[in-house]
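Please explain how this chain is put together, beginning with its strands and then moving to some of its residues.

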Amino acid sequence: MLAPFVVNLTADDKKWVEPDICVICDRDKLSDRGCEGAPDFIIEVVSPGSRRMDYAVKMNLYITAGIYGSLSINMASLLQEQE
């Protein structure tokens with residue numbers, strides 16, 4: 001699923017995030033509100049304005065929720081490499 005798409009990491013209405021891309025293998029986790037429970041894989045595109053949120057806050061939530069895999073893509077670094 002692509003953003004904007006809400007994920008309720010704990011399925012208890014307490015920890016909501018909006019990952020840039022997520023893979024959900026269990027269709028039972030999908031609802032009209034988004035994903036109810038941890039997705040199987042998440043990708044975050046990190047920009048200078050979201051660096052703290054993506055690297056610290058969200059990654060900690062993802063680890064705590066037991067997400068199998070995640071990938072962070074630092075757009076600023078990619079753009080600098082292309083110059």
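Which residue in β7 does Ile42 stand opposite? Ile42 faces Ser70 across the pairing with that strand. The model shown here is a predicted one. The pairing that holds this residue pair is between strand β6, residues 41-46, and strand β7, residues 69-74. These two strands run parallel and are joined by 6 bridges. Between them the chain passes through helix α1, residues 51-65, and the resulting β-α-β crossover is right-handed.

A second group of strands forms an open sheet. Its 4 strands come in the order β2-β1-β5-β4, and the pairing is mixed. β2 (16-17) and β4 (30-31) are at the edges; each has a single partner strand, so one side of each has no neighbour in the sheet. In general, strands of a sheet pair through backbone hydrogen bonds, in either a parallel or an antiparallel sense. Strand β1, residues 7-8, pairs with β2 in the antiparallel sense, over 2 bridges.

Asn8 belongs to strand β1, and it stands opposite Trp16 in β2. Is Asn8 buried or exposed? Its relative accessible area is 0%, so Asn8 counts as buried, the cut-off being under 20%. The side chain of Asn8 has a polar contact, at 3.5 Å, with the side chain of Glu36. Setting aside neighbours within four places in sequence, the residues in contact with Asn8 include Asp13, Lys14, Arg33, Cys35 and Gly37.

Glu44 lies in the other pairing, as a residue of strand β6. With a relative accessibility of 1%, Glu44 is also buried. Which side chain makes a polar contact of 3.3 Å with that of Glu44? The partner is the side chain of Lys58. Beyond its neighbours within four places in sequence, Glu44 is in contact with Lys58, Met59 and Tyr62, among others. Its contacts also include Leu71, Ser72 and Ile73, and Glu18, Pro19 and Asp20 are among them as well.

The remaining topic is the nonpolar interior. In soluble globular proteins, nonpolar side chains tend to be buried together. In this model, the largest nonpolar core has 12 residues in all. Among them are Phe5, Val7, Leu9, Val17, Cys22 and Ile24. Cys35, Ala38, Ile42, Met59, Tyr62 and Ile67 belong to this core too. Leaving aside neighbours within four places in sequence, Ile67 is in contact with several residues, including Leu9, Ala38, Ile42 and Tyr62. Pro39, Asp40 and Phe41 are also in contact with Ile67.

Key:
Residues are numbered from 1 along each chain as its sequence is written. This is a predicted model: local features need pLDDT of at least 70, side-chain atom pairs count only at pLDDT 80 or more; totals for chains, interfaces and linings use all residues. Side-chain values use heavy atoms; hydrogens and water are left out. Two strands pair if DSSP finds at least two bridges between them. A crossover is right-handed if, with the strands pointing away from the viewer, the path from the first strand over the helix to the second runs clockwise. Buried means under 20% relative accessible area, exposed over 50%, partly exposed in between (1.4 Å probe, protein chains only). A polar contact is a pair of N or O atoms within 3.5 Å; within protein, one must be able to donate a hydrogen and the other to accept it, and residues adjacent in sequence count only if both atoms are side-chain atoms. Contact means heavy atoms within 4.5 Å. A nonpolar core is a set of buried Ala, Val, Leu, Ile, Met, Phe, Trp, Tyr and Cys residues joined through side-chain atoms within 4.5 Å.
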